[in-house]
Amino acid sequence: TQSTWGDLSLCFMGGSASQIKAEAVQEFERLCSKDRYVSIYDLLQFNLTTDPHNIELTHLGSLYALNKSKSGKFSLEEIMGFIDLCADRYRKFRHTHDYAPMLRALFTIRLWEDVTTIQGRYAFVEWFLLLLDRKIDERAVTTLHSIFALELGYGLNVDEFFEMLADEPEADPGGSMAASAAEIIECTRSDASTPRKRAVSLATVEKFAMSFIIGFAGMMSSIGFDEAVDYGA
């Protein structure tokens, strides 16, 4: 089953920041590791009771903004800071009735400002690999598909995306995978009666992330965003 971020949302139309913080603390304590962090996979399990009008953190810019440390792991301090930021922006945007789209636009601009340089793009790719803990398995591919909104933006479902990334493992005398940074995973296609094993290497995901962010930066430039302009994001 494809994982979604539907359970994790932040909204200030139906609850106060303090109420949402209390729920977030409870979920953090339930899921955090001994080193007091939660992973992206833990975040997928957060269950916050909020208004249906919400901010879904499958949005890449929102996720990027939340993880201020760019460590790929999320601290309670970061989550609390993100809730404060959302609450502050809600006070500014609520009269427009377009709070969620405006907040996503804000985070999109912040991400774009960080990836207008080559160094920024490499930093983004490194952050994204850390987000996946530099381990590529079925869960990672499904999460990557969701975060990049590939079905909504490109009509590419998760099976098709997996096939696009998949590397055929090459046989060797020892019987191990040729790509050392890969994990064999099973994916059952709708047109197949039995699972077919495929490997997706870390290098393939790295190339995909770089291609995606280069395309994103180019798209922002093509619609008129200028690096020389301060957009106040």
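Which residues form one aromatic cluster in this chain? The members are Tyr 64, Phe 124, Trp 127, Phe 128, Phe 148, Phe 161, Phe 208 and Phe 212. Keep in mind that this is a predicted model, so let's look at the confidence before getting into the rings.

**Confidence and layout**

The chain averages a pLDDT of 78, and 75% of the residues score at least 70. Among its elements, helix H6 has the highest mean pLDDT, 97, while strand S3 (residues 182–187) has the lowest, 35. Two stretches stay under 50: residues 1–9, with 28 contacts in the model beyond four places in sequence, and residues 168–196, with 48 such contacts.

As for the fold, the chain holds ten helices and four strands. Reading from the N terminus, the elements run β-α-α-β-α-α-α-α-α-α-α-β-β-α. Of the 233 residues, 45% count as buried. Take the contacts between residues at least 6 apart in sequence: 66% of them join residues at least 24 apart.

**The aromatic pairs**

A search of the whole structure finds twelve aromatic pairs. One of them brings together Tyr 64 and Trp 127, which is edge-to-face because the planes of the rings stand at 90°, with the centres 5.1 Å apart. This pair links distant parts of the chain, with Tyr 64 in helix H3 and Trp 127 in helix H6, 63 residues apart. The rings of Phe 124 and Trp 127 make another pair, with centres 5.7 Å apart and planes at 50°, so this one is tilted. Phe 124 and Trp 127 are three residues apart in helix H6, so about one helical turn separates them.

How exposed or buried are some of these aromatic residues? Here are four members of the cluster, along with their values.

| Residue | Relative accessible area | Status |
|---|---|---|
| Tyr 64 | 9% | buried |
| Phe 124 | 0% | buried |
| Trp 127 | 2% | buried |
| Phe 161 | 0% | buried |

**Helix H6**

H6 covers residues 118–131, which makes 14 residues. From its first C-alpha to its last it reaches 20 Å, close to the 20 Å expected at 1.5 Å a residue. Its buried residues are Gly 120, Arg 121, Phe 124, Val 125, Trp 127, Phe 128, Leu 129 and Leu 131. What covers them includes helices H2 (40–43), H3 (60–66), H5 (99–114), H7 (138–147) and H10. Just after H6, Asp 133 takes a positive phi of about 60°.

Phe 124 shows some of these connections at the level of residues. Not counting residues up to four places away in sequence, Phe 124 touches Leu 60, Tyr 64, Leu 111, Val 115, Phe 148, Ala 209 and Ile 213.

**The core and helix H10**

In soluble globular proteins, nonpolar side chains tend to be buried together. Here the largest nonpolar core has 65 residues, and those with the most contacts inside it are Val 38, Leu 60, Ile 79, Phe 124, Phe 128 and Phe 148. Which helix gives the most to this core? That is H10 (residues 202–222), with ten residues.

H10 has 21 residues and spans 30 Å from its first C-alpha to its last, close to the 30 Å expected at 1.5 Å a residue. Among its buried residues are Phe 208 and Phe 212, together with Leu 202, Val 205, Ala 209, Met 210, Ile 213, Phe 216, Ala 217 and Met 220. Thr 204 is buried in H10 as well. After H10 comes Gly 224, whose phi is positive, near 110°.

**Phe 161**

Back to another cluster member. Phe 161 sits in helix H9 (residues 158–165). Leaving out residues up to four places away in sequence, Phe 161 touches Val 141, Leu 144, His 145, Leu 150, Leu 156 and Phe 208. One of these partners, Leu 144, is 17 residues from Phe 161 in sequence, and their C-alphas are 9.6 Å apart.

**Cysteines**

How many disulfides does a search of the whole structure find? The count is zero. Cys 86 is buried, at 0% relative accessible area. Cys 32 also counts as buried: its 19% lies under the 20% cut-off.

Conventions. Residues numbered from 1 in each chain as written. Predicted model: local features only at pLDDT ≥ 70, side-chain atom pairs only at ≥ 80, totals over all residues. Heavy atoms only, no water. Helix = DSSP H or I, 4+ residues; strand = E, 2+ residues; numbered from the N terminus. Buried < 20%, exposed > 50% of the residue type's maximum accessible area, 1.4 Å probe, protein only. Contact = heavy atoms within 4.5 Å. Core = buried A, V, L, I, M, F, W, Y, C linked by side-chain atoms within 4.5 Å. Expected span 1.5 Å × (residues − 1). Disulfide = S-S within 2.5 Å. pLDDT = per-residue confidence, 0-100. Phe/Tyr/Trp six-rings, centres within 6.5 Å; stacked < 30°, edge-to-face > 60°.
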